[in-house]
2 protein chains.
Amino acid sequence: MGYQLELRHFTYFLAVAEELHFRKAAERLFISQPGLSRQIKQMEEIIGAELFIRNKRNVSLTVAGEYLKNEIAYIFNHIDFTVKQTALIDKGSEGEIRIGFLGSAIQTVIPELLVKVDKENPKIQFSLEEMSNYDQVKAIVSDQLDFGFVRLARVPDGVCIKAVQTDTFSLVLPKDHQLDEYNFKNVAQVSSEHFVLFSSDYSSIYYDKIMSICEDQGFTPIVSHKSVHAQTIFKLVESGLGVAIVPTSLQYGFDLNVKFLEIPNIPQRAELSVIWKEDNRNPALEKVRRFL
Amino acid sequence: MGYQLELRHFTYFLAVAEELHFRKAAERLFISQPGLSRQIKQMEEIIGAELFIRNKRNVSLTVAGEYLKNEIAYIFNHIDFTVKQTALIDKGSEGEIRIGFLGSAIQTVIPELLVKVDKENPKIQFSLEEMSNYDQVKAIVSDQLDFGFVRLARVPDGVCIKAVQTDTFSLVLPKDHQLDEYNFKNVAQVSSEHFVLFSSDYSSIYYDKIMSICEDQGFTPIVSHKSVHAQTIFKLVESGLGVAIVPTSLQYGFDLNVKFLEIPNIPQRAELSVIWKEDNRNPALEKVRRFL
DNA sequence: TCTAATTGATAACCCATAGTTATTAATTAT
DNA sequence: ATAATTAATAACTATGGGTTATCAATTAGA
């Protein structure tokens with residue numbers, strides 16, 4: 001009775017929810033098992049819900065517990081960020097913006113954005129991390145990221161999306177390939193060659209678009225290799241292991257022995273979008289969003 | 001030092017931030033002023049930021065403190081909501097019910113059920129997915145599904161089953177077929193025609209029953225096509241690729257050029273059953289089961 | 001079928017620390 | 001000056017989080 005929920009309870013709950021084992025969770029928390037059991041029991045009484053099902057041999061989460069687990073993970077992330085942000089503000093910085101991006105966005109869009117924001121808000125700090133579409137969405141939702149640069153058509157509820165760059169596609173060939181800017185007409189000319197593509201789990205819309213470019217020309221590409229990094233793809237092309245189709249803007253910033261031939265007369269475009277969470281509480285976010 | 005932030009600190013901080021007066025805030029919190037002062041000081045040390053400016057006569061928030069005040073108010077709201085939501089889910093008046101179904105159940109049974117449950121528990125959400133009998137049983141057992149609408153005679157141990165609808169069978173013919181409600185007597189009249197049936201792996205009991213209807217009339221149907229979707233079967237019949245035998249209730253909800261003739265004087269019935277797992281822990285399940 | 005090992009829950013004790021009272025130092029009002 | 005405020009300090013108290021010891025229930029192995 002009369003007890004109060006504390007972050008301690010949340011910490012303990014998360015440990016048990018992850019281990020699904022009281023003794024192991026207690027070990028991880030450097031406390032004794034009975035102490036942990038009692039805290040969890042107290043927590044269940046305070047909340048008024050059964051969080052775990054213990055049947056002497058197995059521990060599992062109830063539906064309510066499953067829900068709480070996700071929420072607490074979010075709450076901890078948010079508190080962590082808030083505390084750090086408070087310390088930063090205290091020291092005169094105006095906070096930190098955490099940005100995730102697909103490798104293909106770092107060439108042009110992000111540097112431009114950073115320069116613009118920095119000019120007007122020199123005290124905002126940035127952290128940049130290359131991540132897949134999927135990981136970025138997850139990180140945005142759980143408040144571990146403020147902005148993501150992705151190639152996606154749809155995002156979950158509560159996440160905003162805005163296209164920031166539309167790019168044509170180019171065919172990437174080894175430097176000594178017989179096709180050049182004069183005799184290149186369409187991709188059907190390489191229909192018999194092997195293709196090196198971005199992995200579909202890295203960016204599925206990307207993968208699908210490239211497949212549709214080929215299908216529109218009446219052939220299905222023979223895919224020999226897949227990779228998540230543009231650099232790797234170029235290396236493979238350079239080594240003669242296949243040809244590739246990538247957004248045209250990727251031709252800048254790499255120093256490789258391949259040639260880019262922009263594919264003419266096709267409707268497909270590589271669209272880069274920014275995503276962020278509608279109710280993100282980072283005060284620095286607004287300063288960045290104005291530039292998008 | 002090794003101290004840890006707790007919600008207590010947040011509560012105290014908010015009181016001081018609102019009162020801007022340590023003694024009054026302490027009074028409001030029913031604790032003594034020195035205790036409050038010490039907790040706030042500790043909090044500032046943990047976070048690593050000055051939150052208040054005290055100059056012996058006035059207390060005011062720093063910029064960092066101002067930021068933190070807003071965030072903490074939000075965090076408390078979010079925690080409050082989460083805790084209440086968790087209790088609600090535990091009691092079963094919220095949450096999600098995952099339902100799987102054979103295509104033939106979506107016409108009448110499921111909509112009726114959803115309306116009834118929604119009326120008494122508007123906060124329960126549903127997710128619906130069309131699946132084969134086999135996949136539903138698998139999903140129920142592995143706790144990925146709460147209810148399944150199947151046509152099965154037997155289910156594994158631990159899975160409950162209850163019939164919810166008994167239906168007669170109808171012969172499905174192209175609109176211009178010579179048989180009609182007046183001259184149709186029994187299925188032997190179409191014994192020489194080709195049949196379009198549900199795939200046996202989609203619902204084997206279904207398949208067997210249709211075979212037995214024919215066998216009772218002294219012939220074995222020539223099966224030309226099999227499909228898992230009623231829509232597809234009707235299309236095939238409409239195109240003259242065969243006749244079909246399906247549960248009578250399927251005649252509603254499709255807009256196709258076929259005619260249904262209920263088969264008279266046969267014992268076979270298409271039985272639709274609900275299945276669920278005996279020890280399913282989803283508390284919302286009980287609220288739905290009452291309507292079955 | 002018995003024993004050994006492992007699980008989480010209970011009970012009783014201990015001690016860290018939140019909260020206490022008493023006091024001080026600094027400021028303002030009279 | 002003096003009285004009346006303020007928040008901070010110091011020393012003490014006691015709540016309750018964490019401890020050890022043990023139990024009851026279950027499973028694995030002999």
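**Two DNA strands and one helix pair**

Of the 24 residues around DNA strand D, the nearest are Y12(A), S32(A), R38(A), S37(B) and R57(B). A residue counts as near a molecule or strand if one of its heavy atoms lies within 4 Å of it. Sugar and phosphate make up 57% of the strand D atoms that come within 4 Å of the protein.

Before I go on, a note on conventions. This is a predicted model, in which local features need pLDDT of at least 70, side-chain atom pairs count only at pLDDT 80 or more, and totals for chains, interfaces and linings use all residues. Residues are numbered from 1 along each chain as its sequence is written, chains are lettered from A and ligands numbered from 1 in the order in which they are written, and side-chain values use heavy atoms, with hydrogens and water left out.

Back to strand D, and its phosphate oxygens. One is 3.0 Å from an N or O atom in the side chain of R23(B). For F22(B), a backbone N or O atom lies 2.8 Å from a phosphate oxygen. In chain A, an N or O atom in the side chain of Q39(A) is 3.5 Å from a phosphate oxygen of strand D.

Which elements supply this surface? At least two residues each come from α1 (7–19) and α3 (33–47) of chain A, and from α2 (22–29) and α3 (33–47) of chain B. Helices here are DSSP runs (H or I, at least four residues), numbered from the N terminus. The largest share, five residues, is from α3(A).

Now DNA strand C. It is surrounded by 24 residues, the closest being F22(A), S37(A), R54(A), S32(B) and R38(B). What does Q33(A) reach with its side chain? An N or O atom there is 2.9 Å from a base nitrogen of strand C. R54(A) has a polar side-chain atom 2.8 Å from a phosphate oxygen of strand C. Here α3(B) gives the most to the surface, with five residues.

Last, a helix pair within chain A. The axes of α1(A) and α4(A), residues 63–90, come within 10 Å and cross at roughly 125°; axes are lines fitted to C-alpha atoms over the stretch in contact, with angles from 0 to 180 degrees between N-to-C directions. That makes α1(A) oblique to α4(A), since angles under 35 degrees count as roughly parallel, over 145 as roughly antiparallel, 65 to 115 as roughly perpendicular and the rest as oblique. Among the residues of α1(A) that meet α4(A) are F10(A), F13(A) and L14(A), where contact means heavy atoms within 4.5 Å.

Note on methods
Polar contact = N/O pair within 3.5 Å; in protein donor to acceptor, adjacent residues only side chain to side chain.
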